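Welcome! Take a moment to turn the structure around on your screen, and then let us walk through it together.

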Amino acid sequence: MAMKLTESQAALLEGEKGAAFAKVMKTLVMYGEAFGAEKMVPITGGQGHLVTSFGLGVMKPVFSLLDGIIREGALPGQKFTVDPRPLDPDVPANFLQKLFFKIMYSKQEYYEGQLRKLGLVNDDGFTCTCYMNEVGNVPKKGDILSWAESSAVVYANSVLGARCNRNSGIIELFGSIAGCVPYFGLLTDEGRKAAWVVEIKTSGKPEAQVLGSAIGMKVMEDVPWIRGLDAWLGTTLDAAARDYLKDMGAAAASNGAVGLYHGENLTPEAKEQGSALISPGAKTYVIDDAELERVRAGYPCIWKDPAAEPKLCFVGCPHLSLNQMQSWTAALLEALKTAGRTRLAIPTVFTAAPAVAAEFRQSPAAEALKKAGAVVSSICPLMYMNNPLCGTMPVITNSNKLRTYTSSRYYRDDEILKKIAGAVK
Ligand code: F3S
């Protein structure tokens, strides 16, 4: 093998700790070599994060792989959080859908048992926003991670300044087991340089989800340097800026394949290194009002009947922060008042990490939201939608990631608000 390994890494590969560790290491070496990595670097982030959160009955090879790892004691050296669960009985579903979920995710309990044995932090560790303070899996600047969830990877790289590639499911677990990851791409200084300069020239604050979508579709897997965001977000990563970047990044990561962006005068590496982070010959992409409108107008509606009444609305993909839960509730109550209603016109699910939802439930806003008929859940809306029964339902969302991967229809925050409050059809 071409990759240079340290003595302890080579010993692991040669089976010093058993056959399972050796296979894990061999897989990582092959994975790294496919991307031209010449060495492995130790993981320094405190916790891992796994993307596979669902016990799909058909994933038999994964279950038997994990059984083998557990049996041979090749456990990760770090605890980990996991993406959101696919099931929540509180999320509206009809009898047939519930039956279908039961069959589809028939291995959920079994899989969660495996996760516990492997090192799941706790039963509340299921969220894609593991980096929220309430959850506690918050990498530090410069930490090397082995994660795969695209929305979490782009956040960790860009907002926190940690270093992580867009790994695949299982590979990220293997990194946590071996304690090291191949050194390439976004782990390297060179790989973190911007190949694009995105200039924001809009007349108002761009909708985070549409801006991220525009950037993702243009730069694909490249790193963009975003100029002009500070005019709308300021130069400090306060809670509002972090929430905005969370949603923008998830859209860029799913509508394209962005794993890292730099916000001029805003994100940690951009502040520290300035324009030295822009590659010579970087291309330019100007985003103005017309460009945002062009991108937005290009989203197809794939409902069987585009004029159908929405049956469900999801807000919170990626999961909402506590501040977002509070501000959505306040805005919704206001919109209901204006519309002269007390109950929502469309069943709506707000999703947040279990720890965030628990804290929100302590606040008076939670009771008001419940009275209005909304559900607070920690489900993954994508997992809910990705089956033939839910896939044909007219579902609306403010998430560009959910729109991209499912048949749900995207609306801006203000449009969603009016729709669920019954102010417009
Ligand atoms: Fe999170 Fe599921 Fe959306 S993992 S980003 S809620 S698709």
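**Two sheets and a ligand**

Let us begin with one pair of residues: Ile226 stands opposite Gly263 in strand 7. Strands here are DSSP runs of E with at least two residues, and helices are runs of H or I with at least four residues, both numbered from the N terminus. Before going on, please note that this is a predicted model, in which local features need pLDDT of at least 70 and side-chain atom pairs count only at pLDDT 80 or more, while totals for chains, interfaces and linings use all residues. Residues are numbered from 1 along each chain as its sequence is written, and side-chain values use heavy atoms, with hydrogens and water left out.

Strand 6 (residues 224–227) and strand 7 run parallel and are joined by two bridges. Two strands count as paired if DSSP finds at least two bridges between them. Trp225 has His262 in strand 7 as its bridge partner. Strand 6 also pairs with strand 5 (residues 194–200), in the parallel sense and over four bridges; here Glu199 stands opposite Arg227 in strand 6.

How do these strands fit into a sheet? Four strands, in the order 7-6-5-8, form an open sheet with parallel pairing. At its edges are strand 7 (262–263) and strand 8 (278–287), each pairing on one side only. Between strand 5 and strand 6 you can follow helix 8 (residues 208–219), and the three make a right-handed β-α-β unit. Right-handed means that, with the strands pointing away from the viewer, the path from the first strand over the helix to the second runs clockwise.

Now look for another open sheet, this one of five strands in the order 11-10-9-12-13, with parallel pairing. Strand 11 (375–377) and strand 13 (409–410) stand at the edges with a single partner strand each, so one side of each is left without a neighbour in the sheet. Four bridges join strand 9 to strand 10 (residues 348–352), and these two run parallel. Among the facing residues, Leu320 stands opposite Ala352 in strand 10.

Strand 9 leads us on to the ligand. Strand 9 (312–320) and helix 16 (381–385) each supply at least two residues of the shell around the ligand. Residues surrounding the ligand (one heavy atom within 4 Å of it) include Asp83, Cys128, Glu149, Cys317, Cys380 and Lys401. Where does the ligand lie with respect to domain 1 and domain 3? Domain 1 (7–187) and domain 3 (312–420) both give residues to the shell, so the ligand lies between them; the domain bounds come from an automatic or database domain assignment.
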